[in-house]
Amino acid sequence: MSLIAKESGSNFKNVNPGSYTGRCIWVVDIGTQHSEFQGEKLAIRQVVISWELPTEKIFEGEYAGMPYMVSKFYRNSLHEKANLRKDLEAWRGKEFTAEELKGFDLTKVLGAPCMLSVIHNDKGRTKINGVIALPKGIIVPEQINPSIFFDIDKFDQDIFNSLAPWLQKMIMASDEYKYPNQDVDKGDEPPPIEDDSEIPF
C-alpha cells in the first residue's frame, strides 16, 4: 500500500523541550478535516506523522519503559509553502525534483531516522518545531514500536483498530469516513493562506 502526498486515551506523553533523535513509526491519513482559521472555514486533507524517541523512555505509569512519541499534523500537500514539503525536504536534505512533486509516497519515511526539535506551546502541549536530516556520525537505536500505515481510501479495519483512540476519533470525523461512497474533495489545493504553520488543526 502507499499514501501519496500531492483527548484522552492517547499513549503520547509529553517529553521535555529539546533536540532529539527520532525514528518515524506512524503515517496516518486522517482524511478531510473541517476547521476554521481567521474566520474562514477550511476543509483540508490531513495526515499525521509520528516519531518515537528511542533514547527517551517513560519512567512511570502504564507506559513505563516505552519511548516517548511525538506527532505532527500536516496538510497532505506538496505545495511550495506547505509544511509537509518543508519538513520532508529538510529531513531528506534535498529539494524535491519536478518528478517527485507529481506524487511522493509517504510510506518511504516509515523507519527513517531524523533529528527533531521539540517545544511546548502556550498550553503546555508538545509541538515539533523542526525536522532535519540526521547529522553525520549520529546513531539512532533500532525501532522499538511497530510501524503503522493507514490509508483512509483503502480502509483496513484491523489497522484502524490498532490506532490510538484520538486518531480513531479524528478519522471518524472525516468526510471520507462519514461519506465513504461519495466523491469527497481531497483538498489537493492549499487554502488561500501563505503558511499553514499556525492553523489550529
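Which side chain meets that of R45 in a salt bridge? In this predicted model, the partner of R45 is E176, with 3.4 Å from N to O. R45 sits in strand β3 and E176 in helix α4 (residues 175–178), so the two are separated by 131 residues and the pair links distant parts of the chain. Both R45 and E176 are buried.

**Salt bridges**

The whole structure has 7 salt bridges. Among them are these three:

| Pair | N to O distance | Separation in sequence |
|---|---|---|
| R45 and E176 | 3.4 Å | 131 residues |
| K72 and D87 | 2.8 Å | 15 residues |
| R85 and E89 | 3.4 Å | 4 residues |

K72 belongs to strand β4 and D87 to helix α1; K72 and D87 are both buried. R85 and E89 both lie in helix α1, about one turn apart. R85 counts as buried because its relative accessibility is 17%, and E89 is buried at 16% relative accessible area. Salt bridges with shared partners also connect D29, R45, D153 and E176 in one network.

**Nonpolar cores**

The largest nonpolar core holds 27 residues, of which W51, L88, W91, L116 and V131 touch the most other members. Elements that each supply at least two residues of this core include β3 (40–57), α1 (83–92) and β6 (113–120). Strand β3 gives the largest share, 4 residues. Apart from this core lies another of 16 residues, including I30, I159, F160 and L167.

**Confidence**

The protein chain has an average pLDDT of 85, and 84% of the residues score at least 70. Over residues 186–201 the pLDDT is below 50. Residues 7–11 also stay under 50. Where pLDDT is low, the predicted coordinates should not be read in detail.

Conventions. Residues numbered from 1 in each chain as written. Predicted model: local features only at pLDDT ≥ 70, side-chain atom pairs only at ≥ 80, totals over all residues. Heavy atoms only, no water. pLDDT = per-residue confidence, 0-100. Contact = heavy atoms within 4.5 Å. Core = buried A, V, L, I, M, F, W, Y, C linked by side-chain atoms within 4.5 Å. Buried < 20%, exposed > 50% of the residue type's maximum accessible area, 1.4 Å probe, protein only.
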